[in-house]
Amino acid sequence: MVSDRMFEYLFKVYKKIRSFLIILIFKIVFGRRLKVTFLNSFEGKIHFSIDSLGKISIQKNLMVRGPLYLRSFEKGYLVIGKYVFFNHNCSITVMKNVQIGDHCMFGNNLVIVDHDHISSFQNDNAYESDEVVIGNHVWCGANVTILKGVHIGDGAIIAAGAVVNKDIPSGEIWGGNPAKKIK
């Protein structure tokens with residue numbers, strides 16, 4: 001029989017090998033458009049969608065409970081820092097630029113988008129985009145939505161269910177729809 005400690009060790013080895021193979025496959029598929037280190041842990045699924053001019057860059061020790069959906073289209077550029085954690089069912093869609101700092105944690109059902117559709121009778125595919133920048137040591141609870149043009153300072157906390165449509169200074173706690181300063 002395999003002891004509990006041995007089983008945990010074998011499961012960690014399995015996750016590392018699985019993560020390595022997932023990254024290798026995606027690097028082959030997307031080439032230079034995807035920069036990612038092999039030191040990552042994907043417990044759940046991760047889905048990449050990168051158009052011909054889009055780019056995604058992921059630093060070491062990304063942890064994904066999954067699924068995580070990352071999409072870069074047109075000239076979108078997504079950068080995810082070191083030691084970042086995504087819980088279940090998170091989605092980031094980039095048309096221009098999204099930067100996530102180091103040591104950030106994101107709860108279930110997070111949505112980050114850096115663009116809006118423009119209602120126009122002449123052009124159904126018109127967009128308006130502005131970069132999203134998330135600092136270091138930021139924590140977002142479950143069901144948070146971060147919209148275009150938002151800058152979130154280092155150490156900020158965003159409560160569950162918040163819709164962030166304006167900048168959040170460093171070290172503050174925000175929540176609500178639309179998000180407002182709590183503390």
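Begin this tour of the predicted model by selecting the open sheet whose 6 strands follow the order S1-S4-S7-S10-S15-S18, with parallel pairing. At its edges are strand S1 (34–36) and strand S18 (151–152), each of which pairs on one side only.

Within this sheet, select residues 77–80 and 97–100. These are strands S7 and S10, which pair in the parallel sense over 4 bridges. Two positions may be labelled here: tyrosine 77 has asparagine 97 of S10 as its bridge partner, and leucine 78 stands opposite valine 98, also in S10. Next, add residues 132–134, strand S15, which pairs with S10 in the parallel sense over 3 bridges. Glutamine 99 has its bridge partner in S15, namely valine 133.

Now turn to another open sheet of 6 strands, ordered S3-S6-S9-S12-S17-S20 and paired in parallel. Strand S3 (46–50) and strand S20 (163–164) form its edges; each has a single partner strand, so one side of each lacks a neighbour in the sheet. Select residues 90–94 and 111–113 to display strands S9 and S12, which run parallel and are joined by 3 bridges. Isoleucine 92 has isoleucine 112 in S12 as its bridge partner.

The next stops concern the aromatic side chains. The structure holds 4 aromatic pairs. Select phenylalanine 26 and phenylalanine 30: their ring centres are 6.1 Å apart and their planes lie at 15°, so this pair is stacked. Both residues belong to helix H1 (residues 4–30), where they are 4 residues apart and thus separated by about one helical turn. Are these two rings buried or exposed? Phenylalanine 26 has a relative accessible area of 18% and is therefore buried, the cut-off being under 20%. Phenylalanine 30, at 11% relative accessibility, also counts as buried.

Proceed to phenylalanine 86 and phenylalanine 106. Their ring centres are 4.9 Å apart with the planes at 15°, so this pair is stacked. The pair links distant parts of the chain, since phenylalanine 86 lies in strand S8 (residues 85–86) and phenylalanine 106 in strand S11 (residues 105–106), 20 residues apart. Phenylalanine 86 is buried at 0% relative accessibility, and phenylalanine 106 is buried with a relative accessible area of 0%.

Return to the rings of helix H1 and add Phe48 to the selection: Phe26, Phe30 and Phe48 form one aromatic cluster.

For the last stop, select arginine 71 and phenylalanine 73. Arginine 71 lies over the face of phenylalanine 73, at 4.4 Å from the ring centre.

Key. Residues numbered from 1 in each chain as written. Predicted model: local features only at pLDDT ≥ 70, side-chain atom pairs only at ≥ 80, totals over all residues. Heavy atoms only, no water. Pairing = 2+ DSSP bridges. Phe/Tyr/Trp six-rings, centres within 6.5 Å; stacked < 30°, edge-to-face > 60°. Buried < 20%, exposed > 50% of the residue type's maximum accessible area, 1.4 Å probe, protein only. Lys NZ or Arg CZ within 6 Å of the ring centre and 35° of its normal.
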